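Visitor: I would like a close look at a single part of this protein, followed by a connected account of its surroundings and of the other sites worth setting beside it.

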Amino acid sequence: MASAAASASVTGAPCQQNAHDVGSNGAAVHSFKASNMVIEMSQTPKPKPEMTGLAFGTVFTDHMLTIEWSSGEGWQKPHIRPFGNLSLHPACSSLHYAVQLFEGMKAYRGQDNRVRLFRPMLNMNRMLKSAKRACLPSFNEAELLECIRKLVEVDQEWVPYSDNASLYIRPTYLGTEASLGVKRPSRALLYVILSPVAAYFSTGAKAVSLWADCKYIRAWKGGTGDCKMGGNYGASICAQYEALDYGCQQVLWLYGDDHQITEVGTMNLFLYWTNEDGEEELATPPLDGIILPGITRQSILELALKWDRFKVSERYLTMGDLQRALKENRVTEMFGSGTACVVCPVSRILYQGEALELPCAEDGSSLASRIMKELTDIQYGRTASDWNFEV
Ligand SMILES: Cc1ncc(COP(=O)(O)O)c(C=O)c1O
């Protein structure tokens, strides 16, 4: 492990001095400082779980990071403390008006026993963007990343010794003011918890079936679909259960009268096909406000551009485009992408009462398999890359 850049203090005194730093947009940002970290170690460490069959997000490590903010006192010192329940005022706006957001990222242990995060600054940038949309106070992204690095270092034994399991990192940010007013909160809590995870889908990286219907809309122009805010996800759960009722595993989220294909469950979506102009193309919908800017999505686009083997596009795709392409045998494969599964092939789409069957090579020859290999080789340190951030 690299030595901590932040020297941890052990006093419980409030942070007198906020960092007055420069954020990624060049503007002055008041922030907590990782160097003011206070660490209280757990006296009752828990046994590590058996990874096989472990349900996603059900087991948590020994410690958590908490950082409090108030309009009067600014940011307090970051604390790493024993994992435990929060105490929240019953009126706080995160509970009533979903003034809340989160991030999802992972720590991976390589065979060299080093622990790495994958492009974590992109998560920090996305979190800050969500915070602005939620009217929660800004922070310095590099300082938060250093606090998270320190937390993972403290709980490093929880990073599974495995090349398919990982430690899921869940930064969360809440409005905590004791008031029912619908307004910008004057108190907030940023915290981070860690959970060891096996493969996300119970079926592993096997292809999934999708229910495509515009009965439910995940995100809309001017909404919050491009931010990682809890309300987007809570409101999607009943659609997910309806998909299961139709015998499908996930929802294919459509948008607009032309039934644009946007995302799959909680993943971005890629279509690898021969397009209308006869070109071999890897396409994904553009970041026009209704798409979550996935870190895996961005990485796949950058990888494919670097390969320079086929056209790579951020473009609109409709169900009509897909149906025509399927009839004309122009679809090679379709897959979702996200931190949880990296890539997840799509085998079938139920749309307007018709089951659309998609080609899905399961012998490892697919583009999805190649992307899976390249990205996991980087994440687990088998391929050197400046996308990795060592803990
Ligand atoms: C709605 C949605 N789309 C896409 C993604 C994939 O994003 P990432 O690749 O950053 O995990 C996620 C997961 O974070 C998501 O919640």
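Which residues does glutamate 177 touch, not counting residues up to four places away in sequence?

Guide: The model shown here is predicted. Not counting residues up to four places away in sequence, glutamate 177 touches Ala91, Cys92, Ser93, Lys183, Arg184, Pro185, Ser186 and Arg187. Glutamate 177 itself is placed in the loop between β10 (166-175) and β11 (187-197). With a relative accessible area of 14%, glutamate 177 is buried, because buried means under 20%. Its side chain makes a polar contact with the side chain of lysine 183, at 2.4 Å, and Lys183 is also one of the residues that glutamate 177 touches.

Another loop residue offers a useful parallel. Lysine 77 sits in the loop between β5 (74-75) and β6 (79-82), and at 12% relative accessibility lysine 77 counts as buried. Lysine 77 and lysine 33 are 44 residues apart in sequence, while their C-alpha atoms are 7.1 Å apart in space.

Two further loop residues can be read through their backbone angles. Most residues other than glycine have a negative phi. Alanine 98, although it is not a glycine, has a positive phi of about 55°; alanine 98 is found in the loop between α1 (93-97) and β7 (100-102), and its relative accessible area of 38% makes it partly exposed. Aspartate 308 likewise is not a glycine and has a positive phi of about 55°. Aspartate 308 belongs to the loop between α6 and β17 (311-314), and here the residue is exposed, with a relative accessible area of 64%.

From that loop one can pass into the strand, since serine 313 lies in β17. Serine 313 is buried, with a relative accessible area of 10%, and, not counting residues up to four places away in sequence, serine 313 touches Glu281, Leu282, Ala283 and Thr284. A second strand residue, leucine 254, lies in β13 (residues 250-255) and counts as buried at 2% relative accessibility. Leucine 254 and isoleucine 217 are separated by 37 residues in sequence, with 6.8 Å between their C-alpha atoms. Leaving aside neighbours within four places in sequence, the contacts of leucine 254 include Ile217, together with Ala212, Asp213, Cys214, His259, Gln260, Ile261, Thr262, Met319 and Tyr351.

The helices can be taken next. Helix α2 (residues 120-133) has 14 residues, which at 1.5 Å a residue should span 20 Å, and its end C-alpha atoms are indeed 20 Å apart. The expected span is 1.5 Å times one less than the number of residues, so the agreement concerns the distance from one end C-alpha atom to the other. The buried residues of α2 are Pro120, Asn123, Met124, Arg126, Met127, Leu128, Ser130 and Ala131. An α-helix has 3.6 residues a turn, so residues three or four places apart point the same way. Just after α2, cysteine 135 takes a positive phi of about 60°.

Helix α8 (residues 367-379) can be checked in this manner too: its 13 residues should span 18 Å at 1.5 Å a residue, which agrees with the 18 Å between its end C-alpha atoms. In α8 the buried residues are Leu367, Ala368, Ile371, Leu375, Thr376, Asp377, Ile378 and Gln379. The helix is followed by glycine 381, whose phi is positive, near 75°.

Arginine 126, among the buried residues of α2, leads on to the ligand, for a polar side-chain atom of arginine 126 lies 2.9 Å from an oxygen atom of the ligand. A side-chain N or O atom of lysine 228 is 2.6 Å from a ligand oxygen atom, and for threonine 339 the corresponding distance from a side-chain N or O atom to a ligand oxygen atom is 2.6 Å. On its own the ligand has 380 Å² of accessible area, of which the protein covers 95%. The elements that give two or more residues to the surrounding shell are β15 (267-274), α6 (295-307) and β18 (331-338). Of the 15 residues around the ligand, Lys228, Tyr233, Glu263, Thr296 and Thr339 come nearest, and the shell divides into four nonpolar, seven polar and four charged residues.

Conventions
Residues numbered from 1 in each chain as written. Predicted model: local features only at pLDDT ≥ 70, side-chain atom pairs only at ≥ 80, totals over all residues. Heavy atoms only, no water. Near = heavy atom within 4 Å. Polar contact = N/O pair within 3.5 Å; in protein donor to acceptor, adjacent residues only side chain to side chain. Areas by Shrake-Rupley, 256 points an atom, 1.4 Å probe, with all protein chains shown as cover. Helix = DSSP H or I, 4+ residues; strand = E, 2+ residues; numbered from the N terminus. Nonpolar A, V, L, I, M, F, W, Y, C, P; charged D, E, K, R; others polar. Buried < 20%, exposed > 50% of the residue type's maximum accessible area, 1.4 Å probe, protein only. Contact = heavy atoms within 4.5 Å.
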